[in-house]
Amino acid sequence: MEKHLHAEHAWRVRVDGLRHGAGVLLDERHVLTCAHVLADENERVSVRSAACRPEWRITARVAPGSWVYRGGDTRRGDVALLELDEGTACDAHAKLWCAPISGGKVRAHGFPQAERYGISVDAELAGDGGRGGEFGLLNRVHADGQWIEPGYSGAGVMMLEGDHAGHVIGIVVADFYNVDARAAWMMPTETIRAYLPPIAPFVAGEPTLLPPSSGGGLPELARGDTLRVALTRELTRLLSGGWAGTVVLPGSATNTGTEWLVRL
C-alpha cells in the first residue's frame, strides 16, 4: 500500500454536491462546509482531498440536524457539518478557533472552475459584515491576483499573522462583485458554533463576541450610574463621527462590567 503523504494544511478539501465548493476536515469523519453547496440536507456529496497523495475521495451526507440554510440574500445561516461514509487515513485535521475578526491578513483555499486542485487567496479582515454580526467582511489584498468566486464557499479562513497565525477562524460563505469593488463574507467560528452546537468538540480558544440581547439595543443603564451614562454618550459621539483611534478595556472584554461597552 502506498504511504499516505500530504502537503501542509491538508485539512483543505473539495466538496462536490449541487455546486462545487470547499470544506474543512475536522477529524477522520467530519467536514465543515456551506449549506448552499448542497441541494438540501438529504443530498449525498463527494469529498475529495486537495493536498494528499494518494488522493482520496469519499462520499458523505449531512450529519443529523447539522444543515442550516436561511436562503436568499439574508446573510444568515448557511453552514453544514458533513459525515463521511468511511474514515479517511489523513490525520491533518483542523480546529476552529475563536478569534477577533477586526483586522489582519487571512488565506482561503478554494476551487474555481478553471482549477480542480484549487488556488489560495489572501484577504484582509475588515470586521463585522452586517446582519447582526453573524458574518465578517473580507477585502481584497492583491488587485491582480485570484479572488474569491464560486468554488470557494466553505473554504477554511486561516490567519496568517498575530497570535492566531496558522489557525482556522471560520469559513468563506459568499462573494461580492460590483465593477471594481471586490469583497467577500466569512462566517466566524462563534457564529458556526451558535448554529451547530455539535461542532463544540472541534472548537478551541476563548469566545470574543457576546450574544445580542433579545431587544437588540444597548443594555439598560442604572439611573445612578452617571459615569457609565457619560461614557456611553461620549463613545457614541466618537464612533458615529469621523474619529479614529483605540479603545482600551481594562480587564477582560467579556466581563459583565464591560458588556455594555463591547455591545456599543
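Reader: Let's start with a pairing. Which residue in β11 is the bridge partner of Val 106?

Author: Ala 123 is the one in β11 that pairs with Val 106. Keep in mind that this is a predicted model. To read a sheet, pick a strand and look at what lies on each side. Take strand β10 (residues 105-110), which runs antiparallel to strand β11 (residues 119-128), with six bridges joining them.

Reader: And which residue in β13 is the bridge partner of Val 106?

Author: That's Met 159. The strands β10 and β13 (residues 156-159) are antiparallel as well, and three bridges hold the pairing. Val 106, Ala 123 and Met 159 turn up again among the members of a nonpolar core of 21 residues, along with Leu 125.

Reader: How many helices and strands does the protein chain have?

Author: Count them in the picture: three helices and 16 strands. The protein chain has 264 residues, and 43% of them are buried. Contacts tell you about the fold too. Of those with a separation of 6 or more, 63% link residues 24 or more positions apart.

Reader: You mentioned a core of 21 residues. Which residues have the most contacts inside the largest one?

Author: The largest nonpolar core has 44 residues, and the ones with the most contacts inside it are Leu 32, Val 47, Val 79, Leu 82, Ile 171 and Ile 199. Strand β7 (residues 57-69) is the top contributor, giving five residues. To get a feel for a core, choose one member and list what touches it. Leaving aside neighbours within four places in sequence, Leu 82 is in contact with residues including Val 15, Val 31, Leu 38, Val 47, Ala 60 and Val 62. Polar names occur on that list as well, among them Arg 29, His 30 and Thr 33.

Reader: What about a residue in a loop? Where is Glu 86?

Author: Look in the loop between β8 (77-84) and β9 (96-97). Beyond neighbours within four places in sequence, Glu 86 is in contact with Glu 28, Arg 29 and Ile 58. Sequence distance and space distance are two separate things to check: Glu 86 and Ala 60 are 26 residues apart along the chain, with 8.3 Å between their C-alpha atoms.

Reader: How do I read the backbone angles?

Author: Start from the usual case: most residues other than glycine have a negative phi, and most peptide bonds are trans. Then look for exceptions. His 9 has a positive phi, near 60°, and lies in the loop between β1 (5-6) and β2 (12-16). Asp 78 has a positive phi too, near 75°, but its place is in strand β8.

Reader: Why does Asp 78 count as buried, and His 9 as partly exposed?

Author: The cut-off for buried is under 20% relative accessible area. Asp 78 has 8%, so it counts as buried. His 9 has 27%, so it counts as partly exposed.

Reader: Which peptide bond is cis?

Author: The one from Arg 53 to Pro 54, with omega near 0°. Pro 54 sits in the loop between β6 (52-53) and β7.

Reader: Last one: how are the rings of Trp 67 and Tyr 69 arranged?

Author: For a ring pair, check the distance between centres and the angle between planes. Here the centres are 6.0 Å apart and the planes make 55°, a tilted pair. Tyr 69 is partly exposed, at 36% relative accessible area. A ring can also have a charge over its face: Arg 48 lies over Tyr 117, at 6.0 Å from the ring centre.

Technical notes:
Residues are numbered from 1 along each chain as its sequence is written. This is a predicted model: local features need pLDDT of at least 70, side-chain atom pairs count only at pLDDT 80 or more; totals for chains, interfaces and linings use all residues. Side-chain values use heavy atoms; hydrogens and water are left out. Rings of Phe, Tyr and Trp (its six-membered ring) pair if their centres lie within 6.5 Å; planes under 30 degrees apart count as stacked, over 60 as edge-to-face and the rest as tilted. Buried means under 20% relative accessible area, exposed over 50%, partly exposed in between (1.4 Å probe, protein chains only). A charge sits over a ring if NZ of Lys or CZ of Arg is within 6 Å of the ring centre and within 35 degrees of the ring normal. A nonpolar core is a set of buried Ala, Val, Leu, Ile, Met, Phe, Trp, Tyr and Cys residues joined through side-chain atoms within 4.5 Å. Helices (H or I, at least four residues) and strands (E, at least two) are DSSP runs, numbered from the N terminus. Contact means heavy atoms within 4.5 Å. Two strands pair if DSSP finds at least two bridges between them.
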